Amino acid sequence: MALAEKLSVTYLDQSASVKARLDRLKSRSVILRVNALNKFFQSGRQTITALRNISFQTHRREFLCIIGPSGCGKSTLVRILAGLETQSDGEVLLDGRPVSGPGRERGMVFQGYTLFPWLTVKKNVMFGLRMNNIGRAEAAKQADEWLGLIGLSKFADVYPHQLSGGMKQRVAIIRALVNHPRVLLMDEPFSALDAQTRARMQAYLLEIWKKVDITIVFITHDLDEAIFLADRILVLSAHPGEIQELIQGPLARPRRPEQLNSEAFTAIKARLEELIHPPQDGPEEETYPAVPALSDIRDTVE
Ligand SMILES: Nc1ncnc2c1ncn2[C@@H]1O[C@H](COP(=O)(O)OP(=O)(O)OP(=O)(O)O)[C@@H](O)[C@H]1O
Ligand SMILES: [Mg+2]
C-alpha cells in the first residue's frame, strides 16, 4: 500500500484555522500576477521551450514556493520576474503594472553568495541605499538598524570572506530588503548551506517575513523546505516547465520543527514526490554501464 493511503489525512485536508488563514490570504490584494507566460530559447537552429503557459498570482504577504525537477525553468521564471530576462509571450504584472527590467520593488537573493567581496558588510548593505540616492549618513544609519535586526552589528566592518555561509545569506537577505521591495525573489538561497544552518535560516527567514510587509517567491529543490516555509506551493513539470498543481500548505503558523513529523506533512510530501518523481514506465533517462566484478578489474590491471 502506498504511504499516502495509510494516512488518516490527504494532502488536500486542512484544519479550520489553516483554511481560514488561507482564505484571508487570498482575499488580500494581488501583488504579482503572471499571465500566459511562455519562454523560448534559441540554441542554434533549435528552439528550446523553457516555460509553457505559466499563469498564477501571489497575494500581499504570501509566501509562495516554486518547486520542480532540475531544468524545468525555475531560475528562468524567477529571472523573468526579476526583470533580468524577458518572456517570449505573456505578461508579468506587479501591483497591476507590467514589469520591464529590474526595479527596486523586487529584491533578489540567489544561491551563490552575491555580496561584493571588496566592500565591508555594512558597505554591502549601504550599497543599494546609496544607489537609490540616499545620503551617506542616512544610509549608514539604516544599515546599522538592519544589521541590528539580524544580530550582525558586531560584523559591520568585516569583509564577506570573514563570515560563515549562513551569515553571508543573512546579509544578502537584508541587502535585498533595505529598499523596501514589494516582492522578495529567492532562487535556492539556502542550498549551499549545511542541514543545520539551513534549518536555522528557514526559521530565521520566517521571523523576518513576519516583521516586514513582503511577498516572497522562493524557489527550492527541497520538498521539506517548501512545505515548512510556504503558504502555497506551485509545482512545475519537467522540461518544459508547465504548472502541474498549486497546492495549499496544510501546516498552521507559526511553523515549528515538530510539524515535520505530522501526518499532514507526510501526506503533502507524498503528493509532491508523486508529482516531481512520477513512476517511470520506460527506461531511465540516464543509464550507467554495469560495474564489472572486482576480479575482472584485477585481470585487466594485472
Ligand atoms: N540562456 C539560455 N540559453 C539557452 N537555454 C537556456 C538558457 N537558460 C536556460 N536555458 C534552458 O532552459 C531550461 C530551464 O533552465 P533553468 O535554469 O531555468 O532550470 P531550473 O529549473 O532552474 O534548473 P535547476 O533546478 O537545475 O536550477 C533548461 O533546459 C536550460 O538548458
Ligand atoms: Mg535553477
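Good morning. Of the contacts in the protein chain with a separation of 6 or more, 72% join residues 24 or more positions apart. I should say at once that this is a predicted model.

Let me describe the chain as a whole. The secondary structure comes to ten helices and ten strands. Along its principal axes, the C-alpha trace spans about 70 × 60 × 50 Å. There are 302 residues in the protein chain, and 32% of them are buried.

I turn next to the domains. The domain assignment gives two: domain 1 is made of residues 1-105 together with 183-278, and domain 2 covers 112-180. In sequence, therefore, domain 1 is written as two segments, because the assignment lists 1-105 + 183-278 under that one domain. Between the C-alpha centres of domain 1 and domain 2 the distance is 27 Å. Where the domains meet, twelve residues of domain 1 are in contact with eight residues of domain 2. On the domain 1 side, helix 7, residues 195-211, supplies the largest share, namely five residues. By class, that side of domain 1 has nine nonpolar residues, one polar residue and two charged residues.

Now to the ligand. Which residues are the closest to ligand 1? They are Phe41, Ala50, Lys74, Ser75 and Thr76, within a shell of 13 residues. Three elements give two or more residues to this shell: strand 1 (30-43), strand 2 (46-59) and helix 3 (74-82). Helix 3 gives the most, with three residues. As for the character of the shell, eight of its residues are polar, four are nonpolar and one is charged.

Helix 3 deserves a further word. Which of its residues are buried? The buried residues in helix 3 are Lys74, Leu77, Val78, Ile80, Leu81 and Ala82. Lys74 thus appears twice in this account, as one of the closest residues to ligand 1 and as a buried residue of helix 3. A general point about geometry helps in reading that list: an α-helix has 3.6 residues a turn, so residues three or four places apart point the same way. After helix 3 comes Gly83, which has a positive phi, near 85°.

Finally, I would set helix 2 beside helix 3. Helix 2 runs over residues 16-27 and has twelve residues. From its first C-alpha to its last, helix 2 reaches 16 Å, close to the 16 Å expected at 1.5 Å a residue. Is helix 2 well covered or hardly covered? Helix 2 is hardly covered, with a count of zero buried residues among its twelve. Thank you.

Conventions. Residues numbered from 1 in each chain as written. Chains lettered and ligands numbered in written order. Predicted model: local features only at pLDDT ≥ 70, side-chain atom pairs only at ≥ 80, totals over all residues. Contact = placed C-beta atoms within 7 Å. Helix = DSSP H or I, 4+ residues; strand = E, 2+ residues; numbered from the N terminus. Nonpolar A, V, L, I, M, F, W, Y, C, P; charged D, E, K, R; others polar. Near = placed C-beta within 6 Å. Expected span 1.5 Å × (residues − 1). Buried ≥ 20, exposed ≤ 12 C-beta atoms within 10 Å, placed from the backbone.
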